[in-house]
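Here are my notes on the model you sent, set out as numbered points so that each can be checked against the coordinates.

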Amino acid sequence: MDRLYKKGEIVTLNIEDISSKGEGIGKYNGYTIFVEGVLPDEKIRAKITKVKSNYAIGSLDKIIEQSKNRRTPPCVFFEDCGGCQIQNLEYKEQLKIKRKIIVDALERIGNLKNIQDKVKSTLGMKEPYEYRNKAQYKVSQDATLGFYKKKSHEIIPINHCKIQSGQSESTMKYINEFIQKNNISIYNEETHQGIFRGVVERVSNFNNEVMLIFVVNVKKIKFSKELIEHIKKYLPNVVSIYININMNKTNVVLSKTNKLIYGKEKITDSIGTLKYEISPLSFFQVNPIQTKVLYDKVVEFAELTGVETVFDLYCGIGTISLYLAKNSGRVYGVEVVEEAIKDAQDNMKLNNVDNVEFTLGKSEEKIVELLKQGIKADIVIVDPPRKGCDEKLLDAIITMSPQKVIYISCNPATLARDLKVLNVGGYNIEEVQPVDMFAHTMHVETIVALYKKD
Ligand SMILES: C[S@@+](CC[C@H](N)C(=O)[O-])C[C@H]1O[C@@H](n2cnc3c(N)ncnc32)[C@H](O)[C@@H]1O
C-alpha cells in the first residue's frame with residue numbers, strides 16, 4: 001500500500017470491479033476506493049469523501065472513459081431511488097456480474113477451490129421489468145408515496161416504478177389522492193407522531209388480485225369506511241384490505257397485528273400447476289416468473305423417483321414442499337412463522353396433496369426432533385433468510401447424512417460460509433446455478449446441488 005488518500009483529494013481511477021452493493025471499485029497500489037454510480041471498465045475522476053485505514057470512498061466527479069455496457073437507465077428516478085443499483089448497466093452484463101459475485105464469495109469466504117466451472121451462467125428474464133409482486137411504499141411528510149432515497153431515510157416521491165407490477169402506478173396515484181383529500185397525518189420517524197406510516201401492496205401475478213396493507217401508528221383508524229369506498233371505486237382488483245397497527249419505534253415495516261377491514265383474508269397465486277394462498281405476513285418469492293425457474297431447478301437437482309423422504313426447511317407457505325410432493329414419498333416442511341405454516345396447511349388441501357407434513361418451529365430444532373423420531377431425509381432442501389443457516393442445523397444435516405442437500409440462498413456471503421461447513425462435513429458441490437430474481441438490483445439468488453461424497 002503506497003499512501004493514504006486525503007479527504008477532498010481528486011483522483012483518477014480505472015474501475016476494475018463492482019461491489020456487492022453496486023459501487024465501482026478502483027485500486028491504487030492495492031488501496032481500494034469505492035465510488036457510487038460507476039461501472040467496471042470505466043476511467044473516472046472522483047473526489048475522496050471518506051478515508052478509512054484500508055479503503056476510501058469517493059464521489060464521482062467525471063466519467064473520463066465510459067463502459068460500452070453503460071446505458072441510459074429506463075427509470076427517471078434511478079439516480080435518487082434506493083431500489084435499483086444497476087439499471088445503468090446492460091441487462092446481460094448484470095447477469096455476468098451476479099455470477100462473478102457468487103464465484104468470488106465461494107472462493108474467498110467459502111475457500112472452495114476449482115469452483116469456477118461449477119457456477120453456471122445466471123438464468124435471466126426475457127422481460128426484466130414489472131416483475132415484483134410486493135411493494136412497500138413509504139409516505140413523505142407532504143403525503144406522497146415513494147421509496148427511500150439511496151442510503152437514507154429521506155423519501156423520494158415517485159409515481160412509477162419500472163420493476164413493480166403494472167398495478168403499482170394506479171395504487172400510488174389513488175392512495176396519494178386519498179391521504180391528501182382526507183388530510184391524514186403522516187408518521188414522523190423522529191418524533192413518532194402522526195398516523196399514516198405507509199402501504200404494503202401484494203399482487204397475485206396469475207389471478208391479478210391485490211392485497212393492500214395500510215400501516216398506521218394508532219390502535220383504531222377513523223377513516224376505514226371512506227378508505228374502503230375509495231379503493232373499491234378506483235382500484236377494483238383490490239380484493240383484500242388490512243390495517244396493520246405498528247406503534248413500534250422501529251424500521252420493521254409490518255407489526256404482527258393485522259386487522260382485515262375489507263374482503264378476503266388471503267390472495268391466491270400460482271406457480272406452475274399449483275395454487276398458493278398468501279397471508280399478509282407470509283413470505284412469498286417476489287418474482288413469480290423466476291420462482292418457477294428456481295423451483296424447476298429444485299426438481300431437476302432433486303431427481304426424485306417417487307419414494308424419497310424430503311425435508312423442506314424454511315418452507316414459507318409450503319411452495320417447494322408442494323412442488324415436489326407428487327414425485328416424493330413424503331415431504332416434511334418446517335417454518336417459524338405461524339401464519340405461513342397455516343397457509344402451507346391450507347395450500348396442501350387446496351392442491352389435494354396428502355403426503356406432506358408441515359411443522360411450526362425453527363428448522364435447527366425441528367430437524368433434531370425428526371431425527372429423534374427416526375425420520376431421516378434422503379434430500380434436504382434449505383432456503384434460509386439472508387443470515388443463512390444456523391450452525392446447529394448444518395451439524396444436524398451432516399449427522400443425518402442425506403444423499404443430497406439443495407441450498408437456495410439470497411445472500412452469496414452466508415451461502416459461501418455455509419457451503420464451506422457442508423463441504424468439510426462430507427458434501428461435494430456439484431452445481432451452482434444463479435437465478436436472477438431481482439433484475440436491476442445487486443441482489444442475487446443462487447441454488448446449489450450438493451451430493452454426499454463417496
Ligand atoms: C427465503 S424464505 C423461503 C421460503 C420458501 N422456501 C419459498 O420459496 O417461498 C425463508 C423463510 O424462512 C423462515 N424462517 C426464518 N428463520 C427460520 C428458522 N430458524 N426456521 C424455520 N424457518 C425460518 C422465514 O419466515 C421465511 O418464510
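1. I begin with one pair of residues in a sheet: Val405 stands opposite Leu450 in E21. The structure is a predicted model, and the pairing should be read with that in mind. E19 and strand E21, the latter spanning residues 445-452, run antiparallel and are joined by 6 bridges.

2. The sheet to which these strands belong is open and has 7 strands, in the order E17-E16-E15-E18-E19-E21-E20, with mixed pairing. Its edges are strand E17 (356-360) and strand E20 (427-435), each of which pairs on one side only. On average, and with direction ignored, neighbouring strands of this sheet are turned by 15 degrees against each other. Helix H6, made of residues 338-350, packs on the sheet and touches strand E16 (330-335) as well as E17, and the direction of H6 makes about 165 degrees with that of E17.

3. The UniProt record, an unreviewed entry, places the feature "active site" at Cys410. In the model, Cys410 is found in the loop between strand E19 (404-409) and helix H9 (412-424). When neighbours within four places in sequence are left aside, Cys410 is in contact with Pro384, Pro385, Arg386, Val444 and Glu445.

4. The annotation "binding site", again from an unreviewed UniProt entry, covers Gln285, Tyr314, Glu335 and Asp383. Of these, Tyr314 sits in the loop between strand E15 (309-313) and helix H5 (319-325), while Asp383 sits in the loop between strand E18 (379-382) and helix H8 (391-400). Tyr314 counts as buried because its relative accessible area is 16%, and Asp383 counts as buried because its relative accessibility is 14%; the cut-off for buried is under 20%.

5. What do these two annotated residues touch, apart from residues up to four places away in sequence? The contacts of Tyr314 include Glu335 and Asp383, and also Pro384, Pro385 and Leu393. Asp383 is in contact with Gln285, Leu313, Tyr314, Ile320, Ile408 and Glu445. Glu445 is thus a contact of Asp383 and also a contact of Cys410.

6. Is Lys366 buried or exposed? Lys366 lies in helix H7, residues 363-372, and counts as buried because its relative accessibility is 18%. Beyond its neighbours within four places in sequence, Lys366 is in contact with Val334, Thr359, Leu360 and Gly361.

7. Strand E3 (residues 31-35) is largely enclosed by the rest of the structure, because 5 of its 5 residues are buried. Tyr31, Ile33 and Val35 point one way from E3, whereas Thr32 and Phe34 point the other way. E3 pairs with strand E2 (residues 24-28) in the antiparallel sense over 5 bridges, and with strand E5 (residues 55-65) in the parallel sense over 4 bridges. Thr32 takes part in both pairings, since Lys27 stands opposite Thr32 and Tyr55 in E5 is the bridge partner of Thr32.

8. The last point concerns a helix pair. Helix H2 (residues 168-181) and helix H3 (residues 224-234) pack at an angle of about 150 degrees with their axes 10 Å apart, and H2 passes H3 in a right-handed crossing. Tyr174, Glu177, Phe178 and Lys181 in H2 meet Glu226, Leu227, His230 and Tyr234 in H3. The residues of this contact divide into 4 nonpolar, 1 polar and 3 charged.

Definitions and conventions
Residues numbered from 1 in each chain as written. Predicted model: local features only at pLDDT ≥ 70, side-chain atom pairs only at ≥ 80, totals over all residues. Heavy atoms only, no water. Helix = DSSP H or I, 4+ residues; strand = E, 2+ residues; numbered from the N terminus. Buried < 20%, exposed > 50% of the residue type's maximum accessible area, 1.4 Å probe, protein only. Contact = heavy atoms within 4.5 Å. Axes fitted to C-alpha atoms, helices over the stretch in contact; angles between N-to-C directions. Left-handed = near helix turned anticlockwise from the far one by under 90°. Nonpolar A, V, L, I, M, F, W, Y, C, P; charged D, E, K, R; others polar. UniProt positions renumbered as here; feature names shortened; annotations may be inferred. Pairing = 2+ DSSP bridges.
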